[in-house]
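Here are a few exercises to work through with the model open in your viewer. Try each task before you read its solution.

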Amino acid sequence: MGLPPLARGTAAPSTDAGAAAADPARLRRRRRWPRVVMAIAALLLILIAAFDWNWLRDPLNAYITRKTHREFTSSDLHVRLGMTPTIRLRNVVFANAPWAGSAPMAKFGVLEFSVSLRDLFDGKILVPRVALTDSDLRFERLPDGRKNWKLSDPSDTSPSRLRISSLSVTRGSAQYIDHSIPFALRIAVSTFDPNARSAASDADAPPVNKRYTTQYAFDGTYRDAKFAGTALTGDVLSFQESGINFPIRGHLDAGTTQLDLEGTVADAAELSAIDVRLRIAGQTLANLYPFLLLPLPASPPYRIQGHLTQRGTRYGFDEIRGQIGSTDVAGSAAYVRQQPRPLLQASLRSDLLNLGDLGPLIGIKTKASPNATPPTQAQTSTRASAQAKDKSDKADRVLPAGLAAAPDERLLPTGKLAGERLKLIDADAELTAKRVKAPDKLDVENVKVQLHLRDAVLTLAPFDVDFAGGRIFSRIVLDGRHPVLAIRTDVRARQLELNRLLPRSPKIVRSQGMLDGHVALSGTGNSIADAAATSQGHVSASLSKGEISNLVDAAAGLNGGKVIRLLLSGDKQIAVRCGAAAFDVQAGQGRSKLFVVDTEQTRIDASGSFDLAHERFDLTIAPQPKHPGILSLRTPVRLFGSFRHPDYELDKKKLALRAGGAVALATVAPLAALIPLIETGPGSDVHCERLLRGDWSRDDRKEAPRVDGPKK
């Protein structure tokens, strides 16, 4: 008897297999699906390859025209698909915004660009690459913020969502006008073969850098200052928000200013990084103002070079080396873009600082020279207007005849200080100079000055110099928050050597002594001369441990007999016991509170005033010899005149009385004529210890008030 199939160990057929065997049509359908998918994919590829994108060109032109409210046309369209598709258009013309004129905003022989699909989902329009051939672009921005390159409503002033990472140009031109600055720029672009240029160059010339393949020739105006130049770059420029560096070498001429640079920058439209070697030269630093908005002074010709870098909002200028006139300068600086004002930082040093080079900073007019500084572009547009302005400034200073110093004889600087520029920037700077070349061969060394500018208030403190063997400590404040500057000065002189202040003479023994002084004045005006004319405060000085010429002392005491004897026998030194002077100043008028000099042989008292507005003074000196002598005129001397041209005269009334007495006595006996000229020596000693500590009591001198004078 036979076993069933299971008993024999034979597996029963599965249900699916049985179903498939029972349904051969279903099996055939399952095997057909892969072939269908492959056929559809092949068909799509064939359709894509055979698809003419120009079928979409007209709808695309119409869509852009409707979307941007300006006409857009093109003659050819090609698309290469992918996650970053590339679109190429030919003969493109894109009309301008209605307010920007009739000329097209853009024309291209070929426009090729790619678009990031990933960024489109985030609401951004990122164009990784743009390539232009035979292009002509016109961009314009109005003061109200409207931009003609906005691709939405032309009146929209919101920030653009379009970002272009890189740009390459093969032949083209561009124009950009920003009415809010104002700024105008024109660029002509051409490409070249660096190998061909290298072969054609002079054999003695440096080799051509083959990184450079594109030349940009440009010109324009910035805040009414004209400029022009050229720049060489590689094939591709990073343009916006890429942070990718590209090589650059450029030259710029702006009036009398020339600039050369070579290195790398990132993002030509909105610079995100700079690393270049820079050289700049010109006729005056003031001409940089319209480009940098830095309140730099007029200066002699200069040349400066260094390493310029940018990281974010900070521009650093390191390894500075240069000359301003005959002044050398080295150090580092930085410019930081911030709100509400940019910040300038600098640390500079100099081996030789010529005050004649930097005098215009405080309004000092230097002598004309073959390289005289021209009018700055920021101040005047023509030399004629500069001359008219100068005449107007002089007319503003007309003073009553006979009172004021002539314009060319003024001692205080009259040049205008540009106070309004102090509102444009903040600054922290320091300068040290080993040696200073000053006018009239003044002995100045070891200058140290720190400058702080905040909210239009400029402070120079400390401002210290070695002078005449001593040290001068200064603090100067210029407040430019109002149309008329407020100027405050506090200057203290310590241990100045008298022999280095007075002129030398072979017939007169050199004077010696230590001079201290204090000047504390405040005034208002847009020049140092104007501020001095309105100033108030005090001026004081003291002298100790001194020696002066015996001949000078005799002449000061009007002792003619002693002068004759010293001229015959020779001069010698005599001790100066002490001396002090103090003036109160109100509205530019100084009145003496104290003026006395005490030597071993003569006491000299003086009183008078000075006028800072008219730069004149008037002092009466009353010498009182302490010892008897003959041929003494014994009469006060008046010193007066302008600061530059002082004069003197004797008291004619008293001199006439003494001369008349001498003539009358001469009629009685010839020798009796000397009696009125005999000095009996009424001079008394000054209490020097009190004087030098500011304690001048009424017992020491009739009507002499107590003075808070200079303290040693």
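**Exercise 1. Take stock of the whole chain.** How many helices and strands does the chain have, and what percentage of its residues count as buried?

Solution. Keep in mind that this is a predicted model. Start with secondary structure: there are 13 helices and 32 strands. Next comes burial, where 39% of the 712 residues count as buried. Then look at the surface: about 39,900 Å² is exposed, with carbon and sulfur atoms supplying 58% of that area. Finally, take the contacts between residues at least 6 apart in sequence; 52% of these join residues at least 24 apart.

**Exercise 2. Place S114.** Is S114 buried or exposed, and which residues is it in contact with beyond its neighbours within four places in sequence?

Solution. First find the element: S114 belongs to strand β4, which covers residues 106-114. Now apply the cut-off, under 20% relative accessible area for buried. S114 has 8%, so it is buried. For the contacts, leave out neighbours within four places in sequence; what remains is T84, P85 and T86, along with L126, V127, P128 and R129.

**Exercise 3. Classify two ring pairs.** What kind of aromatic pair do F72 and F94 form, and what kind do Y315 and Y335 form?

Solution. You need two values here, since a pair of aromatic rings is described by the distance of the centres and the angle of the planes. The count of aromatic pairs comes to 10. One of them is F72 with F94, at 5.3 Å centre to centre and 85° between the planes. Planes over 60 degrees apart count as edge-to-face, so this pair is edge-to-face. It links distant parts of the chain: F72 sits in strand β1 (residues 72-73) and F94 in strand β3 (residues 86-94), 22 residues apart. Both F72 and F94 are buried.

Now for Y315 and Y335: the centres are 6.4 Å apart with 55° between the planes, and the pair is tilted. Y315 is in strand β17 (residues 314-324) and Y335 in strand β18 (residues 327-336), so the pair ties together parts 20 residues apart in sequence. Y335 is partly exposed, with a relative accessible area of 23%.

**Exercise 4. Look around the rings.** Which residue has its charged end over the ring of F94, and which residues do ring pairs link into a cluster?

Solution. Go back to F94: the charged end of R70 sits over its ring, 5.4 Å from the centre. Then pick out the cluster, which is made up of F139, W149, Y176, F183, F218, Y222 and F227.

Note on methods
Residues are numbered from 1 along each chain as its sequence is written. This is a predicted model: local features need pLDDT of at least 70, side-chain atom pairs count only at pLDDT 80 or more; totals for chains, interfaces and linings use all residues. Side-chain values use heavy atoms; hydrogens and water are left out. Helices (H or I, at least four residues) and strands (E, at least two) are DSSP runs, numbered from the N terminus. Buried means under 20% relative accessible area, exposed over 50%, partly exposed in between (1.4 Å probe, protein chains only). Contact means heavy atoms within 4.5 Å. Accessible areas come from the Shrake-Rupley method with a 1.4 Å probe; for residues, only the protein chains shown count as cover. Rings of Phe, Tyr and Trp (its six-membered ring) pair if their centres lie within 6.5 Å; planes under 30 degrees apart count as stacked, over 60 as edge-to-face and the rest as tilted. A charge sits over a ring if NZ of Lys or CZ of Arg is within 6 Å of the ring centre and within 35 degrees of the ring normal.
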